[in-house]
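Student: Could you take me on a close look at one loop of this protein and what surrounds that loop? I would like to have the overall fold in mind before we get there.

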Amino acid sequence: MTAADKAAELTILTATRALIAQGWTQTYYAVDVDNNAVSSLSDNAVRWCLAGGLTRAVFDNSAAEASTADRHAADEAIVRLLPDNMNAITWNDAPKRTQAEVLALLDQAIASETS
C-alpha cells in the first residue's frame, strides 16, 4: 500500500467517523429526518450505518481521490477488528449495538492504520 493509498484510507475512516458521530442508524444504509430509508448518498440522509457511512465518505471525498478500492481497504481495516470476521453490516445491526460502540470501533481502526 502506498502512502497515498494509506492517506485515502485514513481520510475515509475519519470521514466515516464524523458521519456516524453526526447520526447513526441500524437496518438501513441511511435514513432521513423522518427515519425513512434513503440512499447513503442522498442529500436527505442525516444518519448512517457503518457501511453506509463508508460509502458516503468515499463519495464526499472523491476530490481527495478516494476510490472504491480505498473504501474496500477502509472496510478491511474495520473487519480485522470484528469478532469472527463479521462484516460491518452484521456487526452494526446487532440488536444491542450502540452508536458509542461504532465510534469506538472506528477509533480503533483509525489508530491501527496510523501506527
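Tutor: Happy to. A compact globule of 115 residues would have a radius of gyration near 13 Å, and the protein has 13 Å, which agrees. Bear in mind that this is a predicted model. Along the principal axes, the C-alpha atoms fill a box of roughly 40 × 35 × 20 Å. Buried residues make up 44% of the 115. Among contacts with a separation of 6 or more, 57% join residues 24 or more positions apart.

The protein has five helices and three strands, and their order from the N terminus is α-β-β-β-α-α-α-α. The loop for our close look is the one between helix 1 (3-22) and strand 1 (30-31), where Trp24 is found. Before entering the loop, glance back at Ala8, which lies in helix 1. Ala8 has a relative accessible area of 8% and is buried. From Ala8 to Asp34, 26 residues along the chain, the C-alpha atoms are 33 Å apart.

Now to Trp24 itself. With a relative accessibility of 15%, Trp24 counts as buried, because the cut-off is under 20%. Its C-alpha atom is 15 Å from that of Leu13, a residue eleven places away in sequence. Setting aside neighbours within four places in sequence, Trp24 is in contact with Arg47, Trp48 and Cys49, and also with Asn92, Arg97, Thr98, Gln99 and Val102.

Thr25 sits in this loop between helix 1 and strand 1 as well. Thr25 is buried, at a relative accessible area of 6%. Beyond four places in sequence, its contacts are Ala30, Val31, Arg47, Trp48, Cys49 and Asn92. If you compare the two lists, Arg47, Trp48, Cys49 and Asn92 appear for Trp24 and again for Thr25.

Thr27, also in the loop between helix 1 and strand 1, counts as exposed at 60% relative accessibility. Its phi is near 80°, a positive value in a residue other than glycine. You will meet a positive phi again at Asn35, where the angle is near 70°. Asn35 belongs to the loop between strand 1 and strand 2 (37-38), and with a relative accessible area of 43% Asn35 is partly exposed.

Let us follow the contacts of Trp24 outward. One of them, Arg97, lies over the face of Trp91, at 3.9 Å from the ring centre. As for pairs of aromatic rings, the count comes to zero.

Another contact of Trp24 is Val102, which is one of the buried residues of helix 5, along with Leu103, Leu105, Leu106, Ala109, Ile110 and Glu113. Seen down the axis of helix 5, these buried residues fall within an arc of 160°, so they line one face of the helix. In general, an α-helix has 3.6 residues a turn, so residues three or four places apart point the same way. The length of helix 5 fits too: at 1.5 Å a residue, its 16 residues (99-114) should span 22 Å, and the end C-alpha atoms are 23 Å apart, which agrees.

To finish, have a look at helix 2 (residues 50-60), which is mostly covered, with eight of its eleven residues buried. Those buried residues are Leu50, Ala51, Gly52, Gly53, Leu54, Arg56, Ala57 and Val58.

Note on methods:
Residues are numbered from 1 along each chain as its sequence is written. This is a predicted model: local features need pLDDT of at least 70, side-chain atom pairs count only at pLDDT 80 or more; totals for chains, interfaces and linings use all residues. Side-chain values use heavy atoms; hydrogens and water are left out. Helices (H or I, at least four residues) and strands (E, at least two) are DSSP runs, numbered from the N terminus. The expected span of a helix is 1.5 Å times one less than its number of residues. Buried means under 20% relative accessible area, exposed over 50%, partly exposed in between (1.4 Å probe, protein chains only). The arc is that of the directions from the helix axis to the C-beta atoms. Rings of Phe, Tyr and Trp (its six-membered ring) pair if their centres lie within 6.5 Å; planes under 30 degrees apart count as stacked, over 60 as edge-to-face and the rest as tilted. A charge sits over a ring if NZ of Lys or CZ of Arg is within 6 Å of the ring centre and within 35 degrees of the ring normal. The radius of gyration is taken over C-alpha atoms; the globule rule is 2.2 Å times the number of residues to the power 0.38. Contact means heavy atoms within 4.5 Å.
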